[in-house]
Amino acid sequence: ILYTRLDGKNWTRQENWCSTTVPISDWSGVTCNGGYITALELSQNNLQGNLEDVIDVLPSTLEQLWVSENKLRGNLSASLADRSRFPNLTI
């Protein structure tokens, strides 16, 4: 859903995204630990869209989110600032 909502087909680095045969840990910009997504490094990747439209699909295991230097709009919503949902998140 993140891929679709942020215009993934036009991302600069989109290797393996949405693949059904490649583990998520091998998708470009995705870091996993123990089978859980812990980091998304998507800076300078031509992401386009409203950041608020993807907050609800981010995994609660996310600890780091890099999205600088993209074409994103919107504010960091209250749900992203909710430390109980993202206790270790660094943006």
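1. Confidence by element. Helix H2, residues 78-81, has the lowest mean pLDDT among the elements of the protein chain, at 64, while S1 has the highest, at 97. The model is a predicted one. Over the protein chain the pLDDT averages 88, and 82% of the residues score at least 70. Any reading of H2 should be set against its mean of 64.

2. Sheet layout. The sheet is open and consists of three strands in the order S1-S2-S4, with mixed pairing. S1 and S4 are the edge strands, each of them pairing on one side only. From one strand to the next, the twist averages 25°.

3. The S1-S2 pairing. Strand S1 covers residues 30-33 and pairs with S2 in the antiparallel sense, over four bridges. The bridge partners can be followed residue by residue: Thr31 is matched with Ala39 of S2, Cys32 with Ile37 of S2, and Asn33 with Tyr36 of S2. The two strands make a hairpin with two residues between them. Gly34 sits in the turn of this hairpin and has a positive phi of about 65°.

4. The S2-S4 pairing. Here the sense is parallel: S2 and strand S4, residues 64-66, are joined over three bridges. One contact to check in the viewer is Glu41, whose bridge partner in S4 is Trp66. Trp66 also appears in a long-range pair with Gln44: the two are 22 residues apart along the chain, and their C-alpha atoms are separated by 9.2 Å.

5. Largest pocket. The space in the largest pocket comes to about 200 Å³. Its lining has 13 residues, and the closest to the pocket centre are Ile1, Leu2, Trp17, Trp27 and Ile37. Two elements, helix H1 (2-5) and strand S2 (36-41), each supply at least two residues of this lining. By class the lining of this pocket has 13 nonpolar residues, with no polar and no charged ones. Ile37, listed among the residues closest to the centre of the pocket, is also the bridge partner of Cys32 in the S1-S2 pairing.

6. Largest cavity. The count gives one cavity of 30 Å³ or more. The volume of the largest cavity is about 50 Å³. Its lining is made by Leu2, Leu6, Leu40, Leu42, Leu51, Val54, Leu58, Leu65 and Val67. By class this lining has nine nonpolar residues, no polar ones and no charged ones. Leu2 is part of this cavity lining and is also listed among the residues closest to the centre of the largest pocket. For anyone placing solvent or probes, a general remark applies: rolling a probe the size of a water molecule over the atoms shows where empty space is left.

7. Backbone at Asn16. Most residues other than glycine have a negative phi. Asn16 departs from this, with a positive phi near 75° in a residue that is not glycine. Asn16 is found in the loop between H1 and S1. Is Asn16 buried, partly exposed or exposed? Its relative accessibility is 33%, so Asn16 counts as partly exposed.

8. Backbone at Gln44. Gln44 is not a glycine either, yet its phi is positive, at about 50°. Gln44 lies in the loop between S2 and strand S3, residues 48-50. Gln44 counts as partly exposed because its relative accessible area is 47%, and the class of exposed residues begins over 50%.

Note on methods: Residues numbered from 1 in each chain as written. Predicted model: local features only at pLDDT ≥ 70, side-chain atom pairs only at ≥ 80, totals over all residues. Heavy atoms only, no water. 1 Å grid on protein atoms, 1.4 Å probe; cavity = no way out; pocket = protein on both sides within 12 Å on 5 of 7 lines; lining within 4 Å. Points joined across faces, edges and corners; volume = space filled by probe spheres on them. Nonpolar A, V, L, I, M, F, W, Y, C, P; charged D, E, K, R; others polar. Pairing = 2+ DSSP bridges. Axes fitted to C-alpha atoms, helices over the stretch in contact; angles between N-to-C directions. pLDDT = per-residue confidence, 0-100. Buried < 20%, exposed > 50% of the residue type's maximum accessible area, 1.4 Å probe, protein only.
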